[in-house]
Amino acid sequence: MIKYVSLISTRFLFLLCSFFVLCFNNGGLPFLYYIERYTTPALQSFIPWFAQKYLNLPEPITVFTNGSGDTTYNYVLLLCVLLIALFGTFIWSILDRKRKSHDQLFYWLTVLLRFYVGFMLVHYAIAKLNEGQFPSLYLSQLSTTYGESSPMGLAWRFLGFSEGYKWFMFTAELMGVLLFFRRTATIGAFLCLMTSANIMAINYFFDVPVKIISTALVVMCLIILSPNIINLIRFFFKGELVKLNQLKAPIFKAKWVRISKLVLKYAAVLLYAGAPLSMALKIALLDKKVNDKSPVYGAYTIESLKSEKKDSIPDSSFLSRKWKLLIFDRSTYAQIHYNDDETAWCTYGVDSASKSISIAFTDDPKVNYTLNYKFVDSNKLILTGNLFGTPATITLNKQKYILTERKFRWINEHPYNR
C-alpha cells in the first residue's frame with residue numbers, strides 16, 4: 001500500500017512539476033522559449049475563458065504575466081496546472097496498474113527539478129552583477145523618505161545599497177551550479193533551499209510579486225532533498241554516521257545514447273549557465289565601468305534664484321511654487337522638488353565644451369532650455385540662462401547624504417544608528 005501511494009505521489013509530482021516548468025519557466029530553462037512561442041498565446045486565450053466560465057470572477061482577466069508573476073492570470077494558470085496534474089495522475093494510474101516501482105520516474109523528476117532550480121538561481125546570481133536586479137541608489141531615491149517607498153521599493157533600495165552584499169548574494173545563488181551534478185546534488189539542494197527560502201521570505205514580507213515561483217523553488221529543493229531528509233536529520237540532530245542515498249541513473253545499453261546524454265547535459269550547462277556567467281564576470285571584473293554620471297551630477301539645494309538685475313524673481317507660472325531641491329541624476333534624468341513636496345521630472349544633457357546644460361520638462365519635452373553652468377567650488381554650482389522666458393541666475397549647494405558618505409569601518413566606538 002505504501003509503495004502504491006508513493007508511486008501515485010511521484011506520478012502526480014512529475015506531472016505537476018513538468019507542467020509548472022512549462023507554464024512558469026521564467027527563463028529557468030531557456031530552450032523552452034521555442035515552445036513558449038506557441039503555448040503562451042494559447043494559454044492567454046484559454047485562461048481568461050476558463051476563469052469566466054468556471055470561476056465566476058468579478059472582473060475578466062486582461063492582465064497577463066508582466067513584471068508581476070502573481071497576477072490573477074498566474075493564479076488561475078496555477079490552478080489549471082494543478083487540475084491537469086490530478087486528472088493526468090488518475091488516467092496514468094488506471095492505464096498503468098502493474099508498475100510497482102517509481103525509482104526511475106523519481107530520478108527523472110529530480111533531473112528536471114535540479115536543472116530548473118539550478119538554471120534559475122544561476123540566472124538570479126548573474127542578475128546581481130553589473131547594476132542588474134538591484135541597481136545602486138539613484139539620487140532621486142535618496143531624496144525620498146521611507147514613508148514614500150513601497151515595501152518592494154524599500155527592499156530593492158536596501159539590497160542595492162551595498163556592492164559587497166550583492167556579491168554575497170551572487171555567491172549564495174551561484175551554488176545552484178552544484179545541482180547540475182548528481183554527486184553534489186544533495187549539498188546543492190541543501191544550500192539552494194536556504195537561498196530560495198530567503199528569496200521567498202523577501203517576496204512574501206516585502207510584497208514582491210514573485211511569490212508563486214519563489215515558493216515553487218523552495219518546494220522543488222525539498223523534493224530533491226526528500227530521499228535524504230531523514231539521514232540529514234539523523235546526522236545534524238543526532239550526530240549519527242549516515243550515508244547519503246544517491247539516486248541511480250538509468251543505464252543505457254546503446255553507447256550513442258550514453259554519449260548523447262553527456263553531450264546534451266554539458267552543452268546545456270555551458271550554453272545556458274557557463275557562457276552568461278563568464279560574460280557577466282568579465283564585465284564586472286575586467287571591463288571598464290561605464291560612467292553614467294555627468295559633470296553636474298548631484299542633488300542641490302537652492303541657495304538663491306535671481307534675475308539678471310540681482311532682484312529676487314517674483315512668482316511666475318513656473319515659480320509659483322518655490323524650488324527646494326534640484327537633482328541631476330545618473331544618465332539623463334533630472335528632478336525638481338518643490339516646497340510643497342511635489343516633484344517634476346526632466347531630461348537633461350550636458351555639453352562639457354561649452355559648459356552648458358539643456359533641460360526639457362517631461363510635460364513639454366519638445367521645448368528645451370539651455371543654461372550655462374559654473375562651479376564656484378566642489379560644492380557650489382551656478383546656473384545662468386533663460387528659463388520659461390525669465391533670465392535667471394540659480395545658485396545651488398550640493399546636498400550630501402550620510403547613507404552614501406559613510407564608508408565601511410572596522411572600529412566604531414559607538415553605534416552610528418540614525
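The legends below describe close-up views of a predicted model.

**View 1. The largest nonpolar core and the helices that build it.** The largest nonpolar core contains 62 residues, and those with the most contacts inside it are Y116, V117, F119, L217 and M220. At least two residues of this core come from each of α1 (2-23), α2, α3, α4 (103-127), α7 (163-174), α8 (185-205), α9 (211-225) and α11 (255-285). Helix α4 supplies the largest share, which amounts to 15 residues. In soluble globular proteins, nonpolar side chains tend to be buried together.

**View 2. The surroundings of M220.** M220, one of the residues with the most contacts inside the largest nonpolar core, touches F20, V21, L113, Y116 and V117 when residues up to four places away in sequence are not counted. Among these partners, Y116 and V117 are themselves listed with the most contacts inside that core.

**View 3. A second nonpolar core.** Separate from the core of the preceding views, a second core of 24 residues includes L305, A334, L387 and L396.

**View 4. The aromatic pair F115 and F119 in helix α4.** A search of the whole structure finds 27 aromatic pairs, and one of them is formed by F115 and F119, whose rings are tilted, at 6.0 Å centre to centre and with 50° between the planes. Because F115 and F119 are 4 residues apart in helix α4, they are separated by about one helical turn. F115 is buried, with a relative accessible area of 13%, and F119 is likewise buried, with a relative accessible area of 1%. Ring pairs also link F115 and F119 with F31, F180 and Y272 into a cluster.

**View 5. The aromatic pair Y300 and F328 between two strands.** The rings of Y300 and F328 pair edge-to-face, at 6.2 Å centre to centre and with 70° between the planes. Y300 lies in strand β1 (residues 298-306) and F328 in strand β2 (residues 323-328), so this pair ties together parts that are 28 residues apart in sequence. Both Y300 and F328 are buried.

**View 6. A nonpolar patch on the surface.** F46, W49, Y54, L55, L57, L79, L82, L83 and L86 form this patch, and together they have about 770 Å² of accessible area. The elements giving two or more residues to the nonpolar patch are α2 (33-55) and α3 (72-95). F46, which lies in helix α2, counts as partly exposed because its relative accessibility is 38%, a value between the limits of 20% for buried and 50% for exposed.

Notes: Residues numbered from 1 in each chain as written. Predicted model: local features only at pLDDT ≥ 70, side-chain atom pairs only at ≥ 80, totals over all residues. Heavy atoms only, no water. Patch = residues over 30% accessible without salt bridge, like charges linked within 9 Å, V, L, I, M, F, W, Y side chains within 5 Å. Areas by Shrake-Rupley, 256 points an atom, 1.4 Å probe, with all protein chains shown as cover. Salt bridge = Lys/Arg side-chain N within 4 Å of Asp/Glu carboxyl O. Buried < 20%, exposed > 50% of the residue type's maximum accessible area, 1.4 Å probe, protein only. Core = buried A, V, L, I, M, F, W, Y, C linked by side-chain atoms within 4.5 Å. Contact = heavy atoms within 4.5 Å. Phe/Tyr/Trp six-rings, centres within 6.5 Å; stacked < 30°, edge-to-face > 60°.
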